[in-house]
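Trainee: I'm new to this structure and would love a close look at one part of it. Could you pick a place where two helices meet and talk me through it, then show me a few other spots to visit?

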Amino acid sequence: MCGITGYLGTLPAVSTAINNLKRLEYRGYDSAGVAFISPQGLRVCRAEGRIVNLESAIKNEQAQSSVAIAHTRWATHGVPCEANSHPHRDCAGNVAVVHNGIIENYAQLRQELTARGHSFSSDTDTETLAHLIEEQLANATQPDLVTAVRDALKLVHGSYAVAVLWAGMPDCMVVARHDSPLIIGVGDSEMLIASDITAVMKYTRDVIVLEDGDCALVTREGATICNLNGDRVNRNHLSVDWDDTAAEKGGHAHFMLKEIYEGPRTVRETLRGRLTPEGLVNLNDLGLSAERIAAINRVCLIGCGTAYHAGVVARRFFEQLIRQPVEVHVASEYRYSDPILDENTLVVLISQSGETADTMAALRLARSYNAITLGVVNVIGSSLAREADARLITQAGPEIGVASTKAYLAQLTALTLLGLYLAEQRAPETASLQSEVRRALSSLPEWLEQCVALAPQMDALSAVVAESSGVFFLGRGYDYATALEAALKLKEISYLHAEAYPAGEMKHGPLALVEPGVTVVGLCTQRTTFDKMLSNLKEVSARSGAVVALIPNGQQVPENAEVTIELPKCPDALMPMLTIVPLQLLAYYVALRRGCPIDQPRNLAKSVTVE
Ligand code: M6R
């Protein structure tokens, strides 16, 4: 995700804020910028690409200042370019804002602000904030930045961590947060702000972590924190004793673990703004007209690796919901196939990076048949996002670990929204399933938190699995799709041989491999096949395989399972999102015990841009 830093004190503020920004480079970004208050007033400098480009651009500026805010942007609204980079300014150029998060009602706010005479110079949601603050300042008899920021934020729906400078109060900055992290570093006659503790650790280990709804006035003397109504709140100071390497990973030993912990937030962000007050799905920004949607008579889901597995889950979901033929394909196979496609086929290309060579080739093939192409993609300026007819951006933020974890959850969330959206428009006969899933969506992040909290249990289980001679993941229906992803995760980071099988297939061959030393993980989350799964697991125990079972809370615990993992209960169609989390954790802890280089497994790359 984007990064924010800020500095107020005796050091050169611009270079200090920019240097601290470099500590956040690992998150990934596409542009960078800084705002500061010089004797000439508020100044802003921005550059596309790396922070070094910003440093070259600022060389020609008189950048002497004791206060500065800086930002690295990961595009969410508007393509990566200088005009869309932060900081954003108001019309008069006296207010500068940096922002992480998403302002859900920005389109409406922008329309209203434009009608009141404001002019916009970017495509971002963030710029609306600068204009809202400008209005609050203009309307006040005694303008004051904290009050103006608080009142502006009351008009905003969504998530934010913001830092604001105003030429009218040159010795302070105002910061606020809701659903996006922001901390204040307390130094000796200097104050720092950042979206991540890492960025201030060179200067101070004394940190205040802001909570949702906090808005703080930061001066050289300290921080005064209030809620949005202006009532004072006290926040404890935290003394940070992390070492530098752990700090970059938010205190975790590896990016993969950090990213698993970010899963619930990723899902919350991908859902943000997508459900209307009536509870329907809002994907109107896809740009697919009602006529085009009505004409769709077939859906093809295409991806590679984890993205393909997200497609395997979605195939079943789409079929259940829209009652039309749905296919799922591995992109490297599809690109050399002789597909049956026409302008009424919706081809959904799924990719975290948006640059995978095989997925791009499949996209181009589909386009050559005039099919409707839709990219479900995490990187907004990527080739897939640019070349597909329509795009649905997942909100996972940069994923650094080669093993895809939070991006998979974001893909499943986006595909769930897409399935519901198509069904709402064209399949009234599945209305009751649609509402069951829609109702459950808002609880998903909370259930996912409960799944992440299974980490100690998965750590304990990993001791047995790490010694296994091989691992099978068995499931039926949605659980088979999850089994595929669980096996891939374990293989790619722990180098332990793992296979996924539809549970009913074991007796047609693979059961011959079950012997002492083999672990069989049974995914038993589906109501209709629960009893069948129990029988399949008995067949394993009879051959002395060690059985691990995953079941929803309240289900009968399989008597032959050596370990049973209980998951929150939710509609069957959403269980894949919950079930994969403990299995990602299991893969992580097994790899840790086997001493593998978890974030960069041998022979693999994060983005596979060659065939
Ligand atoms: O960037 P993409 O989503 O297109 O990448 C697809 C696969 O290369 C990727 O999911 C890969 O399988 C991961 N290493 C799995 O963890």
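Mentor: Happy to! Helix α17 passes helix α20 in a right-handed crossing. Do keep in mind as we go that this is a predicted model. To find the pair, look for α17 at residues 455-465 and α20 at residues 575-593. Two packed helices are described by the angle between their axes and the distance between the axes. Here the axes cross at roughly 50° and come within 8 Å. Because of that angle, α17 counts as oblique to α20.

Now zoom in on the side of each helix that takes part. From α17, the residues in contact are A455, M458, D459, L461, S462, A463 and V465. They meet P582, L585, L586, Y589, V590 and R593 of α20. Sorted by character, the residues of this contact are 10 nonpolar, one polar and two charged.

A second pair of helices is worth a visit with that picture in mind. Helix α4 covers residues 127-139 and helix α5 covers residues 145-153. Their axes lie 8 Å apart, and the helices pack at an angle of about 125°. That angle is why α4, too, is described as oblique to its partner, α5. The crossing of α4 past α5 is right-handed. On the α4 side you will find L129, L132, I133, Q136 and L137, which meet L145, A148, V149, D151, A152 and L153 in α5. This contact divides into nine nonpolar residues, one polar and one charged.

Next, turn to the ligand. There are 13 residues around the ligand, and S351, Q352, S353, T356 and E492 come nearest. Two of these five have a polar atom you can pick out: Q352 places a backbone N or O atom 2.6 Å from an oxygen atom of the ligand, while S353 has a polar side-chain atom 2.6 Å from a ligand oxygen. A nitrogen atom of the ligand, in turn, is 3.2 Å from a polar backbone atom of V402.

Finally, here are two details of the backbone, each in a loop. H86 and P87 are joined by a cis peptide bond, with omega at about -5°. You will find P87 in the loop between β4 (67-73) and β5 (88-89). The other detail is S189, a residue other than glycine whose phi is positive, near 60°. S189 belongs to the loop between β9 (183-186) and β10 (191-194).

Technical notes. Residues numbered from 1 in each chain as written. Predicted model: local features only at pLDDT ≥ 70, side-chain atom pairs only at ≥ 80, totals over all residues. Heavy atoms only, no water. Axes fitted to C-alpha atoms, helices over the stretch in contact; angles between N-to-C directions. Helix = DSSP H or I, 4+ residues; strand = E, 2+ residues; numbered from the N terminus. Parallel < 35°, antiparallel > 145°, perpendicular 65-115°, else oblique. Left-handed = near helix turned anticlockwise from the far one by under 90°. Contact = heavy atoms within 4.5 Å. Nonpolar A, V, L, I, M, F, W, Y, C, P; charged D, E, K, R; others polar. Near = heavy atom within 4 Å. Polar contact = N/O pair within 3.5 Å; in protein donor to acceptor, adjacent residues only side chain to side chain.
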